[in-house]
Amino acid sequence: MQPRQLCGTPAAEDLRGSPTARPRQLLQRTLEAPLAKNYAGGAAAAIATVAFATVGSKCRRKHRKIRSRSRRLPRRAMANDDRHHPSAKRNRGPILEALRQELPEDGAGFVLEIASGSGCHAEHFASALPKLQWQPTEFVPRDQPTRAAVLQEIDIVGAKALPNVLPALPLDASAPWEEWPPEVRTKAGHFTMVYMSNVTHISPWKVTCGVLAGAGQALAKGGRLVIYGPFKVDGKCTTQSNADFDERLRSQDPEWGYRDIADIAAEAEKHGVKFLQRQEMPANNFILTFEKQ
Ligand SMILES: C[S@@+](CC[C@H](N)C(=O)[O-])C[C@H]1O[C@@H](n2cnc3c(N)ncnc32)[C@H](O)[C@@H]1O
C-alpha cells in the first residue's frame, strides 16, 4: 500500500489528489531534510505567533484572563492553517452542513474519524460542534519512524487546540476489529458517528470493508456512518474527469479506484449498517449516509 505517493502528487483535480498526505509528506521532508518550503512557512507562522505572544504578553495578560479557551485556541490553530490541503479546506464547509443533519438534536456524542490526514476536518468540525467528542485516527505503519510525529501533527490542530478532540490514534482500518486501538474498542456500541473522507478510492477495497465492519462494531444503534468522496453510481463514474482520474488511480495501483455505491451498501449490510442515502456535494463528490440497525 502506498497512500503517500499519490497523496503528495498534485492531481488534475486537486480535490481528488489526496489532501491529507501532503502535510505528512511535508513533515517527513522536514524530518529527513533541513527545510521544506511550505512546512517552513507554517513553522515561521508559528514562530511569529510565539514571538508576538511574548512581546505583547504583558499588555494582553489581563485580556487573556477573560478570553475563553474555546475562542483562544482555534486562533492558534489558524496560525498553522497552511498545513492543510486547499481542497480539504474547501470541502469542509459543505461537509459540516451535511454532518449537522446526521447528528442528534442535542449535537452531542462520540465521533470516530477514520484517516484524519492533517486533521483539517477534525479541526473544523470539532470547533463548530463543541458538544461532540472527536476521536481522530490515522494510518501509520508500525515500523514508520515518523509514526509519533504524524499523530502529533494532527494533535496540533486537534487535541492540543480543542478541548473536545482526543489525541490522534494510529488505526489501520483494514485490520480486524480486534486490532483496532483499545481506546476505540472500549467504546464499542457507543459512537454516535463514524466519519471518513476521501479514502475509499485511494486505498484497497479491504480498507473500505474494514471501515464498514468497524462501523458495525463502533456505532450505537441508530448511529451514523458518513463517508465522503467520489464514487461510481450504477457502475459508472459520474463525470469524464472522474473516469480519467479513476483510470489513473488504477494504473498507479490496481487495488485503488472508485468504488460503486451499491457495492459499499451491500458490504455495509453484512455488518448491520444500512445505507440510507447519497447526497451530491460540490466538485462531483458525494456524502453517503448509513445507519446502524
Ligand atoms: C486522500 S487522504 C484523505 C485524508 C482526509 N480524510 C481528508 O479528507 O483530507 C487518504 C487517507 O487514506 C488513509 N489510508 C490509507 N490506507 C489506510 C488504512 N489501511 N487505514 C486507514 N486509513 C488509510 C491515508 O493514510 C490518508 O490519510
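## Exercises on a predicted fold

Thr208 counts as buried, because 22 C-beta neighbours lie inside 10 Å of it; here a residue is buried if 20 or more other C-beta atoms, placed from the backbone, lie within 10 Å of its own, exposed if 12 or fewer, and partly exposed in between. The model is predicted, so that local features need pLDDT of at least 70 and side-chain atom pairs count only at pLDDT 80 or more, while totals for chains, interfaces and linings use all residues. Residues are numbered from 1 along each chain as its sequence is written.

**Exercise 1. The chain as a whole**

State how many helices and strands the protein chain has, and what share of its residues is buried.

Solution. Helices (H or I, at least four residues) and strands (E, at least two) are taken as DSSP runs and numbered from the N terminus. On that basis the secondary structure of the protein chain comes to 13 helices and 10 strands. Of its 293 residues, 42% are buried. As for contacts, two residues are in contact if their C-beta atoms, placed from the backbone, lie within 7 Å; among contacts between residues at least 6 apart in sequence, 71% join residues at least 24 apart.

**Exercise 2. The surroundings of Thr208**

Find the helix that holds Thr208, and name the residues it touches beyond its neighbours within four places in sequence.

Solution. Begin with helix H11, residues 205-218, in which Thr208 is found. Once the neighbours within four places in sequence are left aside, Thr208 is in contact with Thr200, Arg259 and Ile264. A further distance can be read from C-alpha to C-alpha: Thr208 and Glu267 are 59 residues apart in sequence and 9.0 Å apart in space.

**Exercise 3. The open sheet**

Write down the strand order of the open sheet of 6 strands, and explain why strands E2 and E9 each have one side without a neighbour in it.

Solution. Two strands pair if DSSP finds at least two bridges between them. The order in this sheet is E2-E1-E5-E6-E10-E9, and the pairing is mixed. Strand E2 (132-135) and strand E9 (273-281) stand at the edges with a single partner strand each, so one side of each has no neighbour in the sheet. Neighbouring strands are turned by 20° against each other on average, direction ignored; such angles are taken between axes, which are lines fitted to C-alpha atoms (for helices over the stretch in contact), and run from 0 to 180 degrees between N-to-C directions.

Next follow strand E5, residues 191-197, which runs parallel to strand E1, residues 109-114, and is joined to it by 5 bridges. Ile114 has Met196 in E5 as its bridge partner. With strand E6, residues 219-229, strand E5 shares 6 bridges and again runs parallel, and here Tyr195 stands opposite Val226 in E6. Strand E5 is mostly covered, with 7 of its 7 residues buried.

**Exercise 4. Helix H8 and its partner**

Describe how helix H8 lies on the sheet, and how helix H7 crosses H8.

Solution. Helix H8, residues 120-128, lies across E1, E2 and E5, and runs at about 170° to E2. Of the 9 residues in H8, 7 are buried, including His121, Glu123 and Phe125. The axes of H8 and helix H7, residues 86-102, come within 10 Å and cross at roughly 40°. That makes H7 oblique to H8, since angles under 35 degrees count as roughly parallel, over 145 as roughly antiparallel, 65 to 115 as roughly perpendicular and the rest as oblique. Among the residues that meet are Ile95 and Leu99 in H7, and His124 and Ala128 in H8.

**Exercise 5. Two loop residues**

Decide whether Ala283 and Asn284 are buried, partly exposed or exposed, and say what sign phi has in each.

Solution. Ala283 is placed in the loop between E9 and E10, and Asn284 is found in that loop too. Ala283 is partly exposed, with 16 other C-beta atoms within 10 Å, and Asn284 is partly exposed with 17 such neighbours. Phi of Ala283 is positive, about 60°, although Ala283 is not a glycine; phi of Asn284, likewise not a glycine, is positive and near 60°.
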